[in-house]
Each structure stands twice: as C-alpha cells, then as structure tokens.
Amino acid sequence: MSEKKTNRRDFLFTATYAVGAVGVGATIWPMIDQMNPDASVKALASTEVDVSAVNPGKTITVLWRGKPVFIRRRTQDEIAEARSVKLEDLKHPEKDEDRAANPEWLVMLGVCTHLGCVPLDQKGEYNGWFCPCHGSHYDISGRIRKGPAPTNMEIPKYEFVNANTIKIG
Amino acid sequence: MSDHEYTPKSKFGKWFNDRLPLLTLANHLTDYPTPKNLNYWWTFGGILTFCLITQIVTGLVLAMHYIAHADMAFDSVEHIMRDVNYGWLIRYIHANGASMFFLAVYIHIFRSLFYGSYKAPREIIWIIGIIIYLLMMAAAFLGYVLPWGQMSFWGATVITNLFSAIPLVGEGIVTWLWGGYSVDNPTLTRFFTLHYLIPFLILGLVVLHIWALHVPGNNNPVGIDIKKPSKDTVPFHPYIVIKDGFALLMFMIVFAFFVFYTPNILGHADNYIEANPLVTPAHIVPEWYLLPFYAILRSVPDKLLGVVAMLSAILILAALPWLDTSKIRSAVFRPLYRQFYWILVADVLILGYVGAMPAEGLYLLVARVATAYYFLHFLVILPVLGWKEKTLPIPLSITEPILGGSPNLATAKNKESLNK
Amino acid sequence: MKNFFKIFSFIILFSGLSLSTQAAEKVEYLKTDWSFKGLFGKFDRAALQRGYQVYTEVCSSCHSMKYLSYRNLAEKGGPEFSIEQAKAIAASFEVKDGPNSDGDMFTRPGRLSDKFVMPYDNVQAAQAANGGAYPPDMSVLVKARGGGVDYIYSLLQGYEDPPAGVILDDGVYYNKYMYGNKIKMANQLSDGLVEYSDGTIASVEQMSKDVTTFLMWSAEPHLESRHQMGFKAIVYLIILTILVYFSMKRIWSRIETEV
C-alpha cells in the first residue's frame, strides 16, 4: 500500500471519528441542559413584599426563589453600630452603606455562606445572626465576623416600589 | 467461551484481569468471530440495543420532570413539552422511540423466522427473545398510560379488564390491579413504578440473550454451521461494528424524521385530551405495534377465549423451535417454506390493518380468517412442511455461495443474487 | 447494498402505511396554505398576533388556555410581542392571587409569569354556563383533534342551516365538519367581528386562519426550533452516514466480501 493511500485512509477514519464525536456531544447536551432551571422557574424571578407592618428592631423572613430573605427594619442604635465598624476588622470588608442603601432596611439572603444553613436572628457574639450548623457569627449588617463562613451574607437585587413595598429580584 | 486464552500485555492489566476478567470479556467481544456473509437484516440486533439505551436514557430524564399523579400527570407532560429545556425533544424521542423499537424488533423477529435462527442450538436465545418481546409490550402499554390522556385511561381500562375474563378470580384480580374500583391514581402510580422497572429487566435479559448467542455464534443467511474462527468469519470489531453503525445511522435518519417532522403521527389525537372517566373516545385503538394481537382478540366472540387466543398467538412463538421440524435452517434452501413465510408476513400485516378498523362486517370476517391462518401456519403448516418439503442442496461452506469456487467476483455476485 | 435498500424501502413503506391508516376516516376539510408546514415551516408572526387578538376577543370568554403564560407571548418562535407589549397584555388581566398575610385572596394585575386567566373557575362552572357542554381547553386542542389545523379551520367556517329532516335541539347547531354534525357552540365569527390593528380585513376566513395558526402555536410552541433542529440533525446524520459508508467500504476491502 502506498503512503498516499494510507494517509487518505487515516483522514477518512479521523474525519468519521471527529464528526461522530460532534454528534455525540450535541446529543448529550439536551440531556444535561434539561436539569437546568426551566422556563417557568426562570419566569418566577421576582417577588413583592409588603413591609408596612414591620416595626423597628424586627425581622421578617420571606421566601424568594425557594430561599429565605431576611428583611430587618433596624433601630438607630443598630445602624450606628453597623456603620461604626472599621473595615480592617472585617474578614470580608464591605461598608454597611453598600449593603443597605436605605440604612433603616437590611434586605439580605438568609443563607449562611458556609454550607447553606439558615442563621438565627439576634444571636451570636455580634448581636446579629448566628448559624447553628457550624458556628458562624454575623453582625447587624450580615457581615461575617467569626466562624468558618468565608463571606458576608448575600444582598439580593431589590428595590422599593413604594414606601411600603419591596420588590426582590 | 473464548477460543483462545487472552493475556493482557501490561502488568496491571494482568493483575486486574486475574481478579476480574473484564479485559478477557472485552477481548472476547472485539474478537468474537462473526460469519462474514451476514446481511443487513442482521444489523437490527445492534439497532435494538441502541433503541433500548435511548429509551432508558430519555425515560430517566422524563422521570425527573414527570409527576405520577392522576391530577398532575397530564399537566406535567405539558410542562415537559413547554417549559423544560429540550423537554419536547426528549419526550418526542421517547414516544417515537417506542415505535421505532417495535419496528426494529419485528424486523429482527421476522429475520429469525426467515433464516431459521430459532432452531437448535439457538432455542434458548429465541425463548429469551420472546420474553423480551413480551416485556416490551408490557412496558409500552404501561408507558402509554402515563400521560393520562383519554387513550391512556381507556387503554388501561380495556387492557386490565382482559383479566376479568379469568373465571372465578378475574374480578378480584382486576380490582387488585387497579387498587380501587376503577383505573385511578393508585393504578397510575403502580404503572409508573413498573414502567420504570421493566426496561432494566429487559436490559438484563438482553445480556443473557447476547451471552446465549455467543455460545454457538451467529446464524447466517446460508444457515449452515461454520467453523470459528476461520476464513468464513471476521472479527466483530471493526467489521461488524462499522456495518452495524452504518445501518444504525440509516435507521436514525428515519427516526429523526419522525421525531422532528411528524412526531404525533404514530400517536392518537385523543391522548391530548386529559383522561375523563365519564366519556369513552369513539374509537379505542392500541398503538400500531399491538394491532395484530388486538385483531386476534376481537375476532373471537367469547371473552375468555379471545384473551386465550391473543396470549396463545404470542406464546406459540416460544414453541416454534419444536413446531418447525425441518432440519434446514435458512429459507433460502426451502422453496416451499419461503412462500409460506411471505404469506405469514402478509397475514400479520392484514391482522394489523383490520385491528385498526372497527370490528364489524367484512373486517371481522377478514380478521377471523387471518387469525385462523396464523395458528394454522404454526400448528399445521410448519410441522408438515419439515416432513414433506424437498429442500435445495445446501453448500458445504458459506464461502461457496459467495465465491462459488469462481475466481471471478462478478459471477460470484450473480450466484449470490440467485440465492436470494 | 441491494439488500440494504430493500430494508430501507421497507421501512419507508411501513411509515407510509402507518400514515395512511391514520387518515382512515377521511373528511374533505377546507384547504389553506399553512406557513408552518414543511421542512422549514415557520409561523407567520402577524397571523399569530392577530390570532391572539381573535382568541382574546372572541374565544376566551368560554375557552381557557391553561397551559399558556403571558411570558410565552414574547418568547421566540411565538407571536413575539415585545416584552413591553407582553407585560402590558398581562397587566390588562386581573389575576387572582393569595392568600395574603391576612389569609385573604386578592386580585392584582397580571404578570408575565402568570398563566392565562381562565374564563371559569372549574369544569363544572364552565358546563353550567354553557348548557352542559364544556368548552374544551384550547392549549393543545389542535393536537387533540384528528384533523388538526384543517379541522379547526374548517369547523369555524362550517356552520350552515341543517338539511331537511335534521332536527336540532335548543342550543345545538349544525356544522358540516363536526363529528356527527351537531355542535353545541354557536357560530362565533362574522365578517368584521374584530378590528385588526394592522389593517388586515377581518373576514371570517381570515379570522379562522389566524386563530387556527395561534392554536397551532399554542399546541406546539417549539415547532420552529423543532423544524430547525430537525433539518440540522438530518443533514448531520446524512454526512456521518456517508463517512461511515466509505470507512466501512475501506475496512471491508481488506477481505474479499461484498458489504
């Protein structure tokens, strides 16, 4: 068999394998993608909450995308405390001003950034939240101060539709 | 099983293979000596394996989104069709995949009938095949119930009521099957469970089917025993793999056409109406692949005997290796059998056609004649043929009909086409 | 290879047979050109938007479409209203929601994620309001009727006076395309019944075609991507088949056997 012939055969087999592999990949993708959030789940991205009944010093918990969102109406003392913390004392430095644009209202995802438990309200060494699973302490701005959690509790996208209604998402 | 001892080359391979001979198995499967004269009717075994895997994979995916509850099943199917990413694609593959599966299995069965593949020493392969076929019908029926449309509901009602034909205990069995006094939520959930289970039973039986095949090796169009490995055989890989692959791709083109362009043509419109226990659809028809048996069921005027006839029509196949008394396997060398074979094919197609038509007048008459002939073929014609038929001389080796001892390939080809 | 084409033609023949038995009970339906038929079939956007208008203004007072959401109206492959238009459409409906924190149900303007508002709370209410006949949900209606789009299209235009000898009860109408010719829905369409914003003349025929197109989309919202993907898949399979065919020839050329 001449060398040229061998090359052509190699090319034919390589091309067949390559085209076949593309097809296998294209077939597998739908089987994987079907587990991603479907169109109806994606459509439920926002929820509106009436906060007129929340008094200062109280927290309500609402469900958003299957997860708890803490909405706390903070007292003046709490705001002062949250804003006085020095950034260098923080494990994950973030200003309270950036976390709560309207200082009276703290809206955050009530999910510990360690392994996903829901922290307890007004517990822990920093007077904020305390996660019972592995002992992470958060301050009144939801920032991690002590324990295994790596980052502050997440602030979701939200806006005040009017003075009494918050739209999350 | 293997004709030569296999020793892995690498040290680790040898260590592993001594403890679990997976490499020996892989080597057996790639080197497996296959008759080199297998024609394309033999590619349907590979196609069926593909069908089974496709049904299992798409079925697993659908089960992630489907809700087996009488109030939610229909909605969840629509949810799959509308919202789940690629859900429509996966469901249409699964629904049409059932039809393609049966299409392939019928070709596979009729290939076996033509070439006498069920005869000694392959009876066990054949009987396992019949069990697989029965389980396929069960799985297809159970699966058809799951979307909880009108055909699902009434199909389930009619088929489960077949059991009420059993004397004395029939009614009790039907109530037990339903888990209530009609087809309802308990029925749906158990059907879902069984529909999930059966494909894995089939998978296990397929392994046995192939195992039993690898003991005597494949039959072939000439139907004579061959030495293996020899000049009459080729290793399974790459020769048969590539040939099966080519046939599979052609099959997939047809499959794709159904899925993408006429996905509902093989289904029934009534199944897009949610199940309603108060209204029966005007025509209850099973899926096309069950129609011949449905025709047999309806052709017998007695309830119990109808069910018995239908079941016998399937079970009689299991006795086929002993009903066919001819020592010659391939119909190529059986001029009379060949004609009766094609009459049987026509008979089954006619049964399928009248099964789709209303059971009245001429249709009913045709169905009765066709049913009678079906049993006649297996119970009378086959045994008598083996005894009476004058068969053609069979060649000594499969190379003979192909090359015919002739150095010229063209004449050999002519001879081959004469043999068909 | 010859043998192979025998098998292949057998499969095609079988497919043909299965199609023809499906079409057993034949009724001659009215014919029209559907843009969504064929290998590259697509929906006519304007017809879908008009069809939605007919559905909302005429059909929706009795027929629900429970599997559709307002968001679908803006999705690709559908009527493709803009997001703003779809939001406005959704907001024009009052949606029942709740319970709120006091445990009461309340109504609010619809959102994209809401399902189409249903005309009746349940099947029984629908039957009570329609003389015992339940106006079927229209989401998958096209797929739930043997004749498909042609049947719906014809039915909408098939009302006529009953032939002599046919006596109709109160609230039953004669339609030459209905199974059994008796239908409990009165003729709903008349020329100029709706006013199309795109200036199309709203003849009965036009409205029937538009609303049927809309129903086809609602039953098969992914039809366009199905056709597109199908074409790609089949072209791909043909290319791979050709490659495998030549590879097979090459491999089998090592031994003296035809393949």
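# Chain contacts in a predicted model

Helix 7 of chain C provides three residues of the nonpolar patch, the largest share. The model is a predicted one. The exercises below start from this patch and then turn to the contacts of chain C.

**Exercise 1.** State which residues make the nonpolar surface patch, and name the helix in which C:I239 is found.

*Solution.* Step 1: list the members. The patch consists of B:F257, C:L39, C:F40, C:F231, C:V235 and C:I239. Step 2: give its area, which is about 540 Å². Step 3: place C:I239, which lies in helix 7 of chain C.

**Exercise 2.** Describe the extent of the contact between chain C and chain B, and the atoms that give its buried area.

*Solution.* Step 1: count the residues. Chain C contributes 58 residues and chain B contributes 57. Step 2: take the area. About 5,300 Å² is buried between chain C and chain B. Step 3: split it by atom. Carbon and sulfur atoms give 74% of that area.

**Exercise 3.** Find how many salt bridges and polar contacts join chain C and chain B, and describe the salt bridge of B:D83.

*Solution.* Step 1: there are two salt bridges between chain C and chain B. Step 2: one of them pairs B:D83 with C:R71, with 3.2 Å between the closest N and O atoms. This pair qualifies because the cut-off for a salt bridge is 4 Å. Step 3: 14 residue pairs, both residues at pLDDT 80 or more, are in polar contact across chain C and chain B.

**Exercise 4.** Work out which elements of chain C supply the side that touches chain B, and sort the residues of that side by class.

*Solution.* Step 1: the elements giving two or more residues are helix 1 (2–22), helix 6 (204–219) and helix 7 (223–252) of chain C. Step 2: helix 7 of chain C gives the most, 18 residues. Step 3: by class, this side holds 31 nonpolar, 16 polar and 11 charged residues.

**Exercise 5.** Carry out the analysis for chain A and chain C: residues, buried area, polar pairs and elements.

*Solution.* Step 1: the contact takes 15 residues of chain A and 11 residues of chain C. Step 2: the buried area is about 1,200 Å², with 66% on carbon and sulfur atoms. Step 3: the salt bridge count between chain A and chain C is zero, and three residue pairs, both at pLDDT 80 or more, are in polar contact. Step 4: on chain A, helix 1 (3–33) and helix 2 (39–43) each supply at least two residues to the side that touches chain C. Helix 1 of chain A has the largest share, 11 residues. Step 5: the classes on this side of chain A are eight nonpolar, four polar and three charged residues.

Note on methods. Residues are numbered from 1 along each chain as its sequence is written. Chains are lettered from A and ligands numbered from 1 in the order in which they are written. This is a predicted model: local features need pLDDT of at least 70, side-chain atom pairs count only at pLDDT 80 or more; totals for chains, interfaces and linings use all residues. Side-chain values use heavy atoms; hydrogens and water are left out. Contact means heavy atoms within 4.5 Å. Buried area is the accessible area (1.4 Å probe) that two parts lose on being put together, summed over both. A salt bridge is a side-chain nitrogen of Lys or Arg within 4 Å of a carboxyl oxygen of Asp or Glu. A polar contact is a pair of N or O atoms within 3.5 Å; within protein, one must be able to donate a hydrogen and the other to accept it, and residues adjacent in sequence count only if both atoms are side-chain atoms. Helices (H or I, at least four residues) and strands (E, at least two) are DSSP runs, numbered from the N terminus. Ala, Val, Leu, Ile, Met, Phe, Trp, Tyr, Cys and Pro count as nonpolar, Asp, Glu, Lys and Arg as charged, and the others, Gly among them, as polar. Patches are made of residues with over 30% relative accessible area and no salt bridge: like charges are joined within 9 Å, nonpolar side chains (Val, Leu, Ile, Met, Phe, Trp, Tyr) within 5 Å. Accessible areas come from the Shrake-Rupley method with a 1.4 Å probe; for residues, only the protein chains shown count as cover.
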